[in-house]
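Here is a walk through one model, going from charged pairs to the ligand, the cysteines and a few loop residues. Keep the sequence and the 3D view open while you read.

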Amino acid sequence: MIEEVIVNTQQEELDPFKIAQRQLYNACKLIGLEQDVYQSLAEPEKFIEIKITMKMDDGSIKTFKGFRSQYNSARGPMKGGIRWHPEESESLVKALSAWMTWKCACVSIPLGGAKGGIICNPKELSENELQKLARNYIRKLSGDVGPNIDVPAPDVYTNPQIMAWMMDEYETIIGEHAPSVITGKPIELGGSEGRSVATAKGGTYCIREAAIDHDIDLKKSTVVIQGYGNAGSHVANILHNEYGCKIIGISDSKGAVYNTNGIEPYDALAYKKETSSVVGLQNTEPISNEKLLEMECDILIPAALENVIKKKNAKNIKAKIVAELANGPTTPDADDILYKNGVTIIPDFLCNAGGVTVSYFEMVQGYYLHFWSEKEVFESLDKIMSKAYRDTVNKAKEYNTNNRMGAYIIAIQRVVNAMKLRGWI
Ligand code: NAD
């Protein structure tokens with residue numbers, strides 16, 4: 001029998017790493033995994049905390065705290081993005097590194113999981129300070145990352161330029177080219193075609209398959225999206241322009257808007273670029289971010305933050321499918337309520353795995369110094385995502401559980417098998 005992860009307070013209930021551990025516990029219980037094996041999966045292999053002290057443009061000295069959580073390396077080099085955010089925390093980095101492990105295993109790419117971050121507000125830093133921070137971070141971690149060890153990538157508030165500086169710093173240290181040390185690079189420096197839209201694209205392949213299962217005609221379907229950044233704005237474009245879906249509600253950190261007759265995604269993006277928010281977009285009405293999630297629609301796509309669907313609001317969700325492009329948008333209690341109410345979830349580490357899958361393609365292209373067309377990238381991505389979706393749904397049916405647990409069971413079995421073959425357990 002394995003010991004349950006108990007949460008006593010609301011703060012603990014919403015703590016990202018506790019949530020990741022509770023999900024893992026629930027899946028391990030379903031497959032009857034032994035306590036000691038569960039224990040070995042419930043914490044990162046290695047957690048690194050660093051301090052970066054640097055001189056700012058105005059001559060002042062500032063110290064930033066950074067992290068790298070290397071969760072599990074049994075299936076290959078570890079992989080995971082780097083977040084720069086004022087609210088970055090040890091718990092969030094650990095949770096995201098766990099989800100990266102399950103993500104890579106679920107879509108069956110030969111990588112382990114990791115994640116990194118720096119507590120900072122990049123919006124307040126100059127270009128010169130951003131570059132210094134990027135180079136310092138990789139210098140502190142240079143012995144712990146590498147194409148065959150741990151391969152970082154962009155995440156919230158980091159971008160291809162930051163990846164280029166990090167790659168350059170790493171190559172300077174080791175004295176040779178090593179493009180596969182990092183992914184999400186600019187195309188000119190070995191980035192992959194299709195990487196910028198890969199997360200959204202991968203999500204739409206899952207949505208297409210889920211629509212078939214639920215007899216939803218996407219051309220007549222309605223979609224609500226929370227968050228209009230990289231993942232959210234691209235998924236809106238693809239679903240509207242390639243699948244004919246009607247986008248009826250969108251939001252960002254400043255608020256939400258809706259129009260049941262449909263919103264044109266390109267217009268919304270142009271308006272957001274001009275005004276920095278979708279709020280006030282022509283031909284839309286304002287709505288609260290909470291009410292947006294509860295709108296009547298076929299597909300709801302959280303594409304912003306963690307813990308937005310929880311015990312309090314889960315019963316009000318009216319969508320038939322929740323496609324989680326964000327990491328960790330639904331708490332375990334909310335999962336149970338949605339499952340009971342017949343709402344289908346495409347779980348985060350399946351739905352948003354398109355990003356890491358194309359990052360993996362970028363590593364492969366970097367090893368061979370041979371680059372693929374966008375068409376080749378998307379065809380390969382479609383195969384991987386469609387298969388992972390089918391495997392997940394079938395596993396959930398086999399265990400009479402929800403899709404999140406189905407995806408966890410596939411991932412855990414693959415990781416445990418690799419650990420056994422290596423003789424670790
Ligand atoms: P981003 O920074 O480009 O966009 C985030 C969006 O969320 C912005 O529009 C922001 O305004 C909005 N937002 C912030 N707070 C909000 C709130 N309270 N209510 C509504 N909207 C809010 O980030 P992104 O890259 O699009 O990532 C979004 C999510 O997708 C994250 O959970 C991230 O981990 C996940 N994800 C992204 C990728 C990727 O390749 N971009 C890959 C895997 C997972």
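D335 and R404 pair up in a salt bridge, with their closest N and O atoms 2.5 Å apart. A salt bridge here is a side-chain nitrogen of Lys or Arg within 4 Å of a carboxyl oxygen of Asp or Glu. The two partners come from distant parts of the chain: D335 sits in helix 12 (residues 332-340) and R404 in helix 16 (residues 403-422), 69 residues apart. Helices are DSSP runs of H or I with at least four residues, strands are E runs of at least two, and both are numbered from the N terminus.

Before going further, a word on the ground rules: this is a predicted model, so local features need pLDDT of at least 70 and side-chain atom pairs count only at pLDDT 80 or more, while totals for chains, interfaces and linings use all residues. Residues are numbered from 1 along each chain as its sequence is written, and side-chain values use heavy atoms, with hydrogens and water left out.

Back to that pair: are its ends buried or exposed? D335 is buried at 6% relative accessibility, and R404 is buried too, at 1%. Buried means under 20% relative accessible area, exposed means over 50%, and partly exposed is in between, using a 1.4 Å probe and protein chains only.

Side chains of opposite charge can pair when their charged atoms come close. In this model the salt bridge count comes to 28. Here are three of the pairs.

| Pair | Closest N to O distance |
|---|---|
| D335 and R404 | 2.5 Å |
| E209 and R208 | 3.1 Å |
| D217 and K220 | 3.8 Å |

E209 is buried as well, with 12% relative accessibility. The D217 and K220 pair has other surroundings: D217 is partly exposed at 39%, and K220 is exposed at 68%.

Now for the ligand. Which residues come nearest to it? Out of 22 residues around the ligand, those are R83, T199, N230, A231 and N327. A residue makes that list if one of its heavy atoms lies within 4 Å of the molecule. By type, the shell splits into seven nonpolar, ten polar and five charged residues. For that split, Ala, Val, Leu, Ile, Met, Phe, Trp, Tyr, Cys and Pro are nonpolar, Asp, Glu, Lys and Arg are charged, and the others, Gly among them, are polar.

The backbone gets involved too. A polar backbone atom of N230 is 2.9 Å from an oxygen atom of the ligand, and one of L325 is 3.4 Å from a ligand oxygen. At D252, a backbone N or O atom lies 3.5 Å from a ligand nitrogen. Taken alone, the ligand exposes 830 Å², and the protein buries 81% of that; these areas come from the Shrake-Rupley method with a 1.4 Å probe. The elements that give two or more residues to the shell are helix 8 (230-243) and strand 7 (246-252).

What about the cysteines? How many disulfides does the structure hold? Zero, where a disulfide would be a pair of cysteine sulfur atoms within 2.5 Å. C28 has no bond because its sulfur is 15 Å from the closest cysteine sulfur, which belongs to C106. C106 has a different closest neighbour: the C206 sulfur is 8.6 Å from its own, and that is too far for a bond. C28 is buried, with a relative accessible area of 0%, and C106 is buried at 1%.

Two loop residues deserve a look for their backbone angles. Y157 is not a glycine, yet has a positive phi of about 65°. You'll find Y157 in the loop between strand 5 (150-154) and helix 6 (160-174), where this tyrosine is partly exposed at 38%. D215 also has a positive phi, about 55°, without being a glycine. The loop holding D215 runs between helix 7 (198-213) and strand 6 (222-226), and D215 is exposed, with a relative accessible area of 75%.

Last stop is A98, in helix 4 (residues 90-106). A98 is buried, at 1% relative accessible area. The C-alpha atoms of A98 and R208 are 27 Å apart, with their positions 110 residues apart along the chain.

Notes:
A polar contact is a pair of N or O atoms within 3.5 Å; within protein, one must be able to donate a hydrogen and the other to accept it, and residues adjacent in sequence count only if both atoms are side-chain atoms.
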